[in-house]
Amino acid sequence: MYRVLVADHRRTPGSQTSLREANRGRIVDTIKKHGGLTQVELAGLTGLSPATVSNIVKELSTAGVLHTTPSTRSGRRAQNVTLAHALGLVVGVHFSTRHMRMALSDVAGTVVSETHMPLAKDHRADNELDRVMLLLADMLESVDGAMSDVLAIGIALPAPYDQSTGTIARSGLMRGWDGVEVAEVMERRLGRPVYVDNAANLAALGELRMGAARGKENAVYIDVGDGIGAGLILGGRVYTGHSGIAGELGHTIIREDGPLCRCGNRGCLEAIAGGPAILEPLRSARSGLKLQDVVIHAMSGDSACIRAIAKAGEAIGIATANLCNVLDPERVVVGGELARAGELLLGPLRREVERSIVAGFDAIPDIVQDQLGARASTLGAIAYVVDRVSIQREESLE
Ligand SMILES: [Zn+2]
């Protein structure tokens with residue numbers, strides 16, 4: 001008999017596990033990390049013998065923990081192994097400055113329901129968390145599910161998040177959310193475990209697991225939209241730093257005497273290349289212009305919009321070169337609303353990186369567009385939660 005648990009993130013695991021239990025854990029963790037795998041791939045990635053893998057997969061499939069489907073790899077028949085869909089549901093929620101996106105998924109990563117909506121500028125935690133409750137109830141109803149089917153919820157916020165205090169790490173960036181213990185508040189209301197992290201970190205995790213950074217040990221994800229943030233993947237894991245501030249690329253100073261930033265400093269990258277900074281000069285001729293309009297106009301040849309995006313790309317390139325000199329990533333993934341402009345943004349950004357980077361030409365990281373688009377943080381929040389789901393054997397019930 002197996003039971004699905006969500007790891008208690010306030011307690012560190014310390015119990016001894018038997019070898020067989022440890023091997024089961026390794027197989028489940030590897031599937032969580034890589035998605036569907038064949039038994040041969042599982043043996044390769046876990047270092048376990050094919051016979052051990054085969055036994056454990058058989059045992060866990062019978063117990064309803066794993067699910068196998070026939071597939072082919074390199075022309076040969078194989079069994080594709082995933083977590084069993086029926087283990088339960090997980091929820092990913094992404095708040096950005098002006099949007100909320102929410103997805104309901106099974107633990108195997110299949111999204112079963114998804115929704116998004118615009119949010120008021122300067123939205124507040126109390127209103128928006130109410131809204132999550134209502135939307136979640138609707139989504140569950142649409143898939144004939146209940147709150148008891150939900151294993152856990154992951155929430156992405158557009159600000160650095162301090163896991164030790166459970167609040168946004170730097171006040172003033174998201175005023176309506178300052179001091180709110182988001183996970184705590186939601187756990188009390190939903191009665192389910194809730195995990196929170198910064199949206200750029202979760203987008204990086206999403207791209208690492210199922211997008212443009214898949215299989216990369218060292219990569220940087222840069223989110224370019226209203227604000228600018230980065231998620232850092234070091235040694236195959238998302239690096240959040242000592243107090244959750246790691247990756248605040250938008251607040252690296254590009255020009256000491258530059259424009260005032262919302263963080264209180266001058267000349268931050270975000271104050272030069274963030275959404276409002278791109279829009280301001282363009283709006284004198286075109287009022288009501290939005291960032292997505294700038295991208296659309298630029299892609300249809302509007303030279304003022306092309307120039308504005310190129311200028312932002314150069315500034316982001318300077319900050320990216322500095323980051324690459326420190327971290328030496330293999331790949332830089334550029335996502336966010338402005339990334340939809342493709343090479344109009346990436347070209348100038350890449351040129352600036354090539355000009356300022358210390359690495360030799362063959363060691364320059366490839367700079368690519370993201371693959372998950374606006375869904376990156378939501379899917380990353382789901383992956384973050386699935387990572388914390390553990391499957392435990394209840395010996396007493398055997
Ligand atoms: Zn700043």
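## The S3–S4 hairpin

Let's start at a turn: Ser 74 takes a positive phi near 50 degrees in the hairpin of S3 and S4, where 2 residues sit between the strands. This is a predicted model, so please read every value here as computed from it. Strand S3 covers residues 66-73 and strand S4 covers residues 76-83; the two run antiparallel and are joined by 8 bridges. If you would like a pair to pick out on screen, Thr 68 has Val 81 in S4 as its bridge partner.

## The sheet around the hairpin

The hairpin belongs to an open sheet of 3 strands, ordered S2-S4-S3 with antiparallel pairing. Strand S2 (37-38) and S3 stand at the edges with a single partner strand each, so one side of each has no neighbour in the sheet.

On the S2 side, 2 bridges join S2 to S4, again in antiparallel fashion. Here Thr 38 is the residue to look for, with Asn 80 as its bridge partner in S4.

## Salt bridges across the chain

Side chains of opposite charge can pair when their charged atoms come close. Across the whole structure, a search finds 15 salt bridges. One of them brings together the side chains of Asp 130 and Arg 189, at 2.2 Å from N to O. This pair links distant parts of the chain, with Asp 130 in helix H4 (residues 125-142) and Arg 189 in helix H5 (residues 182-190), 59 residues apart. Asp 130 counts as partly exposed at 35% relative accessibility, and Arg 189 also counts as partly exposed, at 38%.

Another salt bridge joins Glu 330 and Lys 216, whose closest N and O atoms are 3.1 Å apart. Glu 330 lies in the loop between helix H10 (303-327) and strand S15 (331-335), while Lys 216 lies in the loop between helix H6 (199-210) and strand S12 (219-224), so the pair ties together parts that are 114 residues apart in sequence. Which of the burial classes does Lys 216 fall into, buried or exposed? Lys 216 is buried, because its relative accessible area is 16%, under the 20% cut-off. Glu 330, by contrast, is partly exposed, with a relative accessible area of 41%.

## A strand-to-strand link and a network

Asp 366 forms a salt bridge with Arg 331, and the closest N and O atoms of this pair are 2.7 Å apart. Asp 366 lies in strand S16 (residues 366-369) and Arg 331 in strand S15, so this contact ties together parts that are 35 residues apart in sequence. At 31% relative accessibility, Asp 366 counts as partly exposed.

Elsewhere, three residues share their contacts: Arg 20, Arg 24 and Glu 59 are linked in a network of salt bridges.

## A positive patch and helix H8

On the surface, a patch of positive charge is formed by Arg 98, Lys 121, Arg 283 and Lys 290. Among them, Lys 290 has its place in the loop between helix H8 (275-283) and helix H9 (291-299). Lys 290 is exposed, because its relative accessible area is 51% and the cut-off for exposed is over 50%.

Helix H8 also holds Pro 281. Pro 281 is exposed too, with a relative accessible area of 52%. How far apart in space are Pro 281 and Ala 308? Their C-alpha atoms are 8.7 Å apart, while the two residues are 27 residues apart in sequence.

Key. Residues are numbered from 1 along each chain as its sequence is written. This is a predicted model: local features need pLDDT of at least 70, side-chain atom pairs count only at pLDDT 80 or more; totals for chains, interfaces and linings use all residues. Side-chain values use heavy atoms; hydrogens and water are left out. Patches are made of residues with over 30% relative accessible area and no salt bridge: like charges are joined within 9 Å, nonpolar side chains (Val, Leu, Ile, Met, Phe, Trp, Tyr) within 5 Å. Accessible areas come from the Shrake-Rupley method with a 1.4 Å probe; for residues, only the protein chains shown count as cover. A salt bridge is a side-chain nitrogen of Lys or Arg within 4 Å of a carboxyl oxygen of Asp or Glu. Lys and Arg count as positive and Asp and Glu as negative; His and the chain ends are not counted. The place of a charge is taken as NZ of Lys, CZ of Arg, CG of Asp or CD of Glu. Helices (H or I, at least four residues) and strands (E, at least two) are DSSP runs, numbered from the N terminus. Buried means under 20% relative accessible area, exposed over 50%, partly exposed in between (1.4 Å probe, protein chains only). Two strands pair if DSSP finds at least two bridges between them.
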